[in-house]
Amino acid sequence: MTTGAPLSTAPRRRSRARTFLPLAVAAWLILEIWLLSLVAGAAGGLTVAALLAGGIVLGVVVIKRAGRRAFKNLADTFQQAQQGQQPAPQQPGGGNGLTMLAGLLLMLPGLLSDVVGLLLLVPPVRAWTGRRLSGSLERKMATAPAGSFGDAFQQARIHQPDGKIVQGEVIRDGQQPQQPGPDAGYRPPLAP
């Protein structure tokens with residue numbers, strides 16, 4: 001007995017993101033190298049090295065600070081749950097994900113990534129970006145076809161009221177489990 005959705009024989013259409021993302025990354029890299037060479041020509045190689053080193057140090061500091069804040073928020077949430085209090089819902093863009101992304105962009109070598117990382121450190125820009133990303137993700141998940149990643153995410157959020165877990169073993173019709181050794185015979189079902 002098999003389960004699951006039947007396989008489609010129709011050719012899958014490649015998404016725009018998968019088509020243009022490699023081109024966008026290549027264009028980004030070329031632009032970063034071009035800007036670094038312009039700055040090196042105008043201000044010197046030592047200035048470019050100092051800018052890159054400063055970006056790396058600032059990125060590490062930002063990621064470390066955001067990580068500490070995320071850990072503190074997690075500890076506070078656990079403490080509130082242990083006391084029976086309901087944790088306050090978080091506003092879009094109010095988390096530490098975009099701050100960590102800003103730190104990662106600062107750590108990447110390049111001037112454009114540094115500018116984008118610095119912009120993400122500005123609270124109004126970070127809140128606006130968080131709202132946009134949250135809205136986009138909600139729309140994508142709402143329009144996701146059944147059996148896709150969005151559907152799996154929706155199913156993962158469903159909470160069973162009884163919380164029961166059924167342990168078992170899958171045996172295909174007409175097949176016996178084949179295991180060499182002394183346990184090759186009958187095995188009783190798993191017990192909870």
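## After helix α1

Right after α1 comes G44, and its phi is positive, near 110°. Keep in mind that this is a predicted model. Helix α1 itself has 28 residues. From its first C-alpha to its last it reaches 39 Å, close to the 40 Å expected at 1.5 Å a residue.

## The whole chain

So what is the protein's secondary structure made up of? It comes to six helices and zero strands, and from the N terminus on the elements read α-α-α-α-α-α.

Of the 192 residues, 13% count as buried. The protein exposes about 15,700 Å², with carbon and sulfur atoms supplying 65% of that area. Now take the contacts between residues at least 6 apart in sequence: 59% of them join residues at least 24 apart.

## Helix α4 and its neighbours

Helix α4 covers residues 111–120. Which of its residues are buried? They are L111, S113, D114, G117 and L120. An α-helix has 3.6 residues a turn, so residues three or four places apart point the same way.

The buried residues of α4 pack against four helices, namely α1 (16–43), α2 (45–82), α3 (97–107) and α5 (123–142).

## A buried arginine

Over in helix α5 sits R126. R126 is buried, yet it has no salt bridge. How far away is the nearest side chain of opposite charge? That side chain belongs to D114, and it is 15 Å away; D114 is one of the buried residues of α4.

What R126 does have is a backbone partner: its side chain reaches the backbone oxygen of L121 at 3.3 Å.

Notes:
Residues numbered from 1 in each chain as written. Predicted model: local features only at pLDDT ≥ 70, side-chain atom pairs only at ≥ 80, totals over all residues. Heavy atoms only, no water. Buried < 20%, exposed > 50% of the residue type's maximum accessible area, 1.4 Å probe, protein only. Helix = DSSP H or I, 4+ residues; strand = E, 2+ residues; numbered from the N terminus. Contact = heavy atoms within 4.5 Å. Areas by Shrake-Rupley, 256 points an atom, 1.4 Å probe, with all protein chains shown as cover. Expected span 1.5 Å × (residues − 1). Lys, Arg positive; Asp, Glu negative; His and termini not counted. Salt bridge = Lys/Arg side-chain N within 4 Å of Asp/Glu carboxyl O. Polar contact = N/O pair within 3.5 Å; in protein donor to acceptor, adjacent residues only side chain to side chain.
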